[in-house]
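Let's take a walk through this structure together. Keep the 3D view open and follow along from stop to stop.

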Amino acid sequence: MAQFKQWALEYVLADDEPVQLELTKKAAKEIENSRASSTVVGNWAASVHQWMTLTNSNDDDQMEDGDEGVSGDIISRAKALAFLAGTLEALDKTILRPDQVQRLVGFFGAMFSYDHKAGITASAKALQQLYSMKNFKPEMGVKSLEDVCKLKEDFRLQTAGTRLEMYELFLSLVEDPAVSSELQHKYGASCGFALDLLQLCSSERDPRNLMIWFKIIRRLLIEFSPSPEVTEEIFKAFSAYFPISLRSSATPIGITAEDLKEAVRNCFSSHQRVAPFAFPFLMQKLDQGDAVTVAVKVDILRTINACIEEYENPQASVVPYVEKIWGSLKYEVRNGEVKETIDATLEVLRAITRKLDGSKTHKHDVSLIKNYIDLVFGDCRDDLSNPTYTKQAGLLLMTVVTASIRGYVLYNSSFIDIIRQNIRQPRSPTHTRDLLLLVNSIVKTRVELVKNRKDGHHDDEDQLRAETRTHLVNLFHDVYLPIWTGKAGEAGSSENDILKQVALGLGLLVSQQALDAEGEPSLLCPGAICDEISKLLTATLVKPLTLSSNDNQSQDATLEDEVVLAMRTIVMNYVDAYGPFLMTARKEILKRDWAAPSEHSLEALKVLLSRLVFIGCSEIPSNIKFDTEPQQPYNPLQHYYAFLQNFPVQFPLSPQSVAANSYILSSFHASVIWFRDACDAKYGASALAQYSSSEKNWMDEFEQLPGSLVSQFESGAIFLDEAATAIKEEDPEVYRQFLRLSLFVVRELYKSATDQAPWSEEALIQLARTASLVVQSLDGKLQVSCKLAQEAFALFKTSEDQPFSSPLSGLLTVGILQGLHPVAMEELYKSGGVAEKFICDTSSLSSSPRASDIKAAVGAIYSNKYQAGPAASEEYQTLKRVLEFWTSWVKDSVSSSDVDSETFRQFTNVAMHTIAGAVARQEKLVLDLLPVLHEAAASPSPNGEIVARSMGILVQPNSEVLNKESHAVTKRFYKQWAYNFLVRPLYELARPGNGKDPKTTARYSITILSVVKNCPFTVYQDDVESLLRLLVIALSSKKDDTILSDEAAQAQVIAALEILVDILAHEPEALKGFLKEIISGTTKVYQESAPSNSTLHKPLTMCRKLSLQVLGALPKTFEERYLLSFSPPTQRMLALACGDPVRKVREAARAARGNWARVV
């Protein structure tokens, strides 16, 4: 006893929670050690007796007398009870016997009538802990609830935290099935305890408490069976809070206004017994007119929707109020203007249809849904003939008719018949458009209903199988065709809007499916109608090609876009439509003379080809039956195959037309992109990765195919593979066969490529891009088995093929190399191999800059995709030899008089790109080459400038050939790595003075700037101060042809300005000490870069624009006091700059002038 008293005393005197927690654990341990001996438990309970001697009345009297000791006694008594509650929390929940739990429940319950000034929180916590005890009985829960309710008016005087403890206790009790059963048994339908709770909690305002209170109310309505009178009282309790809002608070509580709205909404929708009170209440709130805000109206509508969805037995809970709900809600759409309100209203109307229809397991009597839809039809039918209300009436009818399959089957025929009657006598073009939009919406919704037919009741599919469909088939001849033929020749936006809806409707009509007796889908429209529709749209798509540039082409481009989308929908469902479409287009194309085509013809050809590709290759066609025998067995690749057969395989269009031929190959490239994306969308990226390989050697298979490319396609020889002919729509094998087919066409086109017409440079570029796309999609192992690395240089040619000896053949080499995985490149690193010879051959470089770019791309790929191996390996030594070859060439030639500057520039381009590929993979071999490059860049010869300016390539390799998609090896921090070894050692060498050669320092400066401008700020931010000194020198130094050529000087200035712009964006404070020099330097640059007709016109324009951008950014970055002294001369210069002859420069000048105008 003494021990418990001592712990209780220490607890009361302590203010430190960890100390108090330790004391309660000791008390709990003591009780557990005694196995809950009655004596020990009694001593523990009696340990707080000394603080429990004051009565409630005495407390009041003493408080009124102003006794200062009373408040202390209240606090002590509260802490004493907290000691007991804390002990119960720490106590093993199975150790107390039922009689002990019962006595403790009585003790703590008495506190709510004995002592409402102290210990209420602790008592509530204690009752919570007792409720969790193993031996807590249901009747104890009833007593606990009754005891707490004795607080009555004193409940609202408690703190929010104390009330929260009691709410949590209430919720635990009413959620307990045993306690709920006991309460139901004791109180029955009168639910007296519920009325006590309502009286107790009616004034609650704290958001956290309200969240629990609303849960309690919902539980009372769901789990108990209150009488209508009690239900009404409960309804009044929570409806008093509607609509509920939340005041903003400086202290976040983790509860939002939406949480409270949802909690109240759950009370409304808790049980159908609330319906007689909920619907009249909510409708009365809704009908208050302008007094209701949009947010409140949406809340009301969502609450009505929740009630409809949750209430059971709709015959009793929903049907009696349907007419009233419809009477109010129809005006929210008919006269509504706010989208949020209209959408919420339509959700309610849709919910009514679904509720009256039934659920997945049970269908209600059909009269319920028929009466409701008849009600809506009766009010909306006449509005369809009124252009003012056509769209709104159609929206209402659409919502209720298409919300369920049964409603749709029952009413879509009459609905469409009403629309058809109005379309025959439209009041205006807008009226026609709105009616067509309504027809299309009905047809589109049917697609979704058929697609999701198995998600609902099993009767839904039976309803769709038995539906009448004649009215849908007749839509083409009764509605769409008459409007199309009547409006197609008319010009105007309203007519085009109508035609767009017709095009959309035609696509939707062809995509409609009907279910046979077994539930298998087939196309609803006969093949004859599908053919007629596709011919109608085909004529529209090929029409631009038949017109000349002098013809009146008033057709809206957006209309043609709609026709394209409709045609795609058609050919993906009615697969026989694509072949005739291609043949018609090809026939029209071949009618033209492509030897000397006009710009109009070329543009029409490009557009038509892009549409052909999109329509046939952007999706996987569906395998849907139709009423006629298909032209060929279904194959998911059939559209892609047909396109290849009609266009890329028929290359060239004309030997003389460079542009037309390149468009043909460009369409091949586009078809590969579209079909690959279609496979990705249908099968997923993981499936594509799995099916990008093959156990077979495709090249060996291709060698066995007889005949020419055209004959192979005509005979279908490429599809003799069993896997290709038996392929199914859902099988990812489609992707593998797509790659196989694409590689085959690429191979054949490579074999036919030569340096003569029709193979122009543009055509070769398009073919190379396509090859890269196809090759990069293949798995590395498949690339190895097909020996694509060797074919990159052989170009798939044999001794029978015409050779291709032009330097432009390298374009095709790049196309294949670009797509290879590093593992597939391994064969190319053999000593003296074809790749090494190609890269190190300098004989053809001087022929054209294009040859230099091609060799540079090959060199970059070669040095980048090397698979790391031991230094002694043959592959590593070959790579080392290639890199050293080009480094040595630059070193030896930079001062040589035998190499002119243009040739040296082209050679240096190859050298730098080849080394750049190794830099991107952080190849350590490069580190030994950098000192050599530094030395070459510092050379006083004119070629030294070229090396210095080219050093930026090392951190900015050709992104077209070295990117992630092409399997390039690009380390994340390679630019930081390169900067540390390439640039950082040069800062001191680039600083002029101390007897240094001006040419040398200038070239080091160019080297630094050419590299830094290609690096992100984070790479060089630690050296900003040193860099700024070089920037200032670059901007302010006088022109001296003996040090730098004009071209090099301009390039240095442009780089300096670009870096300044970057620094201003990331660390402008670094410029504060250089403002004078920067302002004078940029002003000088602008003035010295006057417009000129010289060859430096473009760099001069860039200098002026960048200098103005830097000047214009300063007033936005720095306070006026730093710029005030520079303002007058700068503003005068900017005023003159506003008259610059180049528009973009003028724009930069006006922006800068506006910023400097504020510096006064």
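**An enclosed cavity, a helix and a glutamine**

Sorted by class, the residues lining the largest cavity are seven nonpolar, no polar and no charged. Please keep in mind that this is a predicted model. The residues to pick out around this cavity are V919, V926, L930, L954, W977, A978 and L982. Helix α49, residues 974-982, makes the greatest contribution to that lining, with three residues. As for volume, the largest cavity comes to about 40 Å³, and the count of cavities of 30 Å³ or more is one.

Now move along to helix α21, which covers residues 390-401. Does its length make sense? With twelve residues at 1.5 Å a residue, α21 should span 16 Å, and because its end C-alpha atoms lie 16 Å apart, the two values agree. Nine of the twelve residues of α21 are buried, so the rest of the structure largely encloses this helix. You can find them as T390, A393, G394, L396, L397, M398, T399, V400 and V401. Among the elements covering these buried residues are α18 (319-334), α19 (339-357) and α20 (366-380), together with α22 (405-424) and α23 (429-451).

For the last stop, look at Q766 in helix α39, which runs over residues 761-776. Is Q766 buried or exposed? Its relative accessible area is 15%, and because buried means under 20%, Q766 counts as buried. Which residues does Q766 touch, once neighbours within four places in sequence are set aside? Q766 is in contact with S662, L665, S666 and H669.

Key:
Residues numbered from 1 in each chain as written. Predicted model: local features only at pLDDT ≥ 70, side-chain atom pairs only at ≥ 80, totals over all residues. Heavy atoms only, no water. Helix = DSSP H or I, 4+ residues; strand = E, 2+ residues; numbered from the N terminus. Buried < 20%, exposed > 50% of the residue type's maximum accessible area, 1.4 Å probe, protein only. Contact = heavy atoms within 4.5 Å. 1 Å grid on protein atoms, 1.4 Å probe; cavity = no way out; pocket = protein on both sides within 12 Å on 5 of 7 lines; lining within 4 Å. Points joined across faces, edges and corners; volume = space filled by probe spheres on them. Nonpolar A, V, L, I, M, F, W, Y, C, P; charged D, E, K, R; others polar. Expected span 1.5 Å × (residues − 1).
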